[in-house]
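Please look over the sequence and the model below. A short report on the fold follows.

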Amino acid sequence: MINEKNSIEAFLANTAQDDSKQDFFQLENPRLLEINLSGQRVMLKRGSMIAYDGYIKFEREGILSQGLGNLFKKAISGEGTSMMKAEGSGRLYVADSGKYAHIIYLTNDTINVNGNDVLAYEESVKSDIKMLKSIGGMLGGGLFQVSLSGNGHIALTSHGHPLTLKVTPTHPVCTDPNATIAWSGNLTPHIKTDISFKTLLGRGSGESFQMLFEGEGWVMVQPYEEVYHIES
């Protein structure tokens with residue numbers, strides 16, 4: 001007996017690209033970002049392109065492309081080798097290690113993102129690298145953050161479904177650096193240490209470094225502690 005539900009035609013129909021929408025940034029599925037280019041330029045995490053059609057040119061971002069102000073920070077963070085430009089006309093499909101993709105449209109907004117969780121953003125969005133001001137941040141894995149501001153689409157990634165926590169003057173929030181994805185542009189996290197004699201002996205909680213958020217805003221975390229690797 002032929003099972004039509006498992007036929008190759010059914011398989012192709014279930015996995016075919018969705019042509020019903022033609023938004024600039026859109027989700028083809030929860031883990032796959034589709035970017036419809038018609039002459040625009042976008043910035044992508046290097047290595048994130050999985051397929052495209054049409055005529056699209058890719059170019060690795062130069063170390064000076066964001067100006068001299070970011071040269072030293074890029075050299076330390078490795079971020080200078082992690083992005084690439086894409087421009088042309090066609091459909092571009094982008095993903096990162098099977099992580100969930102999230103689209104945000106900035107309207108004169110600023111958002112700070114863990115550098116490893118930036119998937120893509122359009123050229124109109126301004127980016128600036130900000131280093132965490134404590135060695136504790138480096139030990140925690142979150143070595144650098146990217147500030148994205150202005151107007152335009154950005155795409156972030158997360159392991160699993162993220163959780164957004166509200167920060168108020170009377171309700172500060174502490175997070176694990178390895179689980180922190182993004183936070184509002186008006187917040188500046190501080191490194192909170194919890195080092196004791198037990199910690200040095202290996203008997204502590206294992207959460208020796210946390211990011212402390214105080215003020216008015218929000219912070220987004222994921223249900224996963226990700227260890228980041230700096231590119232050479």
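The report goes from the overall picture to the strands, the cores and one serine.

## Basis and overview

This is a predicted model, in which local features need pLDDT of at least 70, side-chain atom pairs count only at pLDDT 80 or more, and totals for chains, interfaces and linings use all residues. Residues are numbered from 1 along each chain as its sequence is written, and side-chain values use heavy atoms, with hydrogens and water left out.

The protein has four helices and 15 strands. Helices (H or I, at least four residues) and strands (E, at least two) are DSSP runs, numbered from the N terminus. Of the 232 residues, 45% count as buried. Buried means under 20% relative accessible area, exposed over 50%, and partly exposed in between (1.4 Å probe, protein chains only).

The exposed area of the protein is about 12700 Å², and carbon and sulfur atoms supply 55% of it. Such areas come from the Shrake-Rupley method with a 1.4 Å probe; for residues, only the protein chains shown count as cover.

Contacts reach across the sequence. Among those with a separation of 6 or more, 77% are between residues 24 or more positions apart. Contact here means heavy atoms within 4.5 Å.

## Strands β2 and β5

Strands of a sheet pair through backbone hydrogen bonds, either parallel or antiparallel. In this report, two strands pair if DSSP finds at least two bridges between them.

Strand β5 covers residues 83–94. Ten of its twelve residues are buried. Strand β2, residues 32–45, is also mostly covered, with ten of its 14 residues buried. The table gives the pairings of these two strands.

| Pair | Sense | Bridges |
|---|---|---|
| β2 and β5 | antiparallel | eleven bridges |
| β3 and β5 | antiparallel | three bridges |
| β4 and β5 | antiparallel | six bridges |
| β1 and β2 | antiparallel | four bridges |
| β2 and β7 | antiparallel | three bridges |

Individual residues help to locate these pairings. Between β2 and β5, Ser 38 stands opposite Ser 89, and Asn 36 stands opposite Arg 91. Strand β3 spans residues 49–52; its Met 49 has Val 94 of β5 as bridge partner. Strand β4 spans residues 55–60, and there Arg 60 is the bridge partner of Met 84 in β5.

Strand β2 has other partners too. Strand β1, residues 25–29, is joined to β2 by a hairpin through two residues. Phe 25 has Ile 35 of β2 as bridge partner. Toward β7, Met 43 stands opposite Tyr 121.

## A three-stranded open sheet

An open sheet of three strands has the order β11-β14-β13, with antiparallel pairing. Its edge strands are β11 (173–175) and β13 (190–193), and each pairs on one side only. The twist averages 40 degrees from one strand to the next. Axes are lines fitted to C-alpha atoms, for helices over the stretch in contact, and angles run from 0 to 180 degrees between N-to-C directions.

Three bridges join β11 to β14, residues 209–213. One bridge pair is Cys 174 with Leu 212 of β14.

## Nonpolar cores

In soluble globular proteins, nonpolar side chains tend to be buried together. A nonpolar core is a set of buried Ala, Val, Leu, Ile, Met, Phe, Trp, Tyr and Cys residues joined through side-chain atoms within 4.5 Å.

The largest core has 17 residues. Those with the most contacts inside it are Ile 111, Val 113, Tyr 121, Leu 148 and Ile 154. Strands β6 (100–114), β7 (118–122), β8 (125–131), β9 (144–158) and β12 (180–184) each supply at least two of its residues. The largest share, five residues, comes from β9. Apart from this core lies another, of 16 residues, among them Val 42, Ala 86, Ala 101 and Ala 120.

Not counting residues up to four places away in sequence, Val 113 touches Val 118, Gln 145, Val 146, Leu 148, Leu 156, Ile 181 and Ala 182.

## Ser 184

Is Ser 184 buried or exposed? Ser 184 counts as buried because its relative accessibility is 5%. Its place is in strand β12.

The side chains of Ser 184 and Asn 186 are joined by a polar contact of 3.0 Å. A polar contact is a pair of N or O atoms within 3.5 Å; within protein, one must be able to donate a hydrogen and the other to accept it, and residues adjacent in sequence count only if both atoms are side-chain atoms. Ser 184 also touches Thr 110, Asn 112, Glu 216, Gly 217 and Trp 218, not counting residues up to four places away in sequence.
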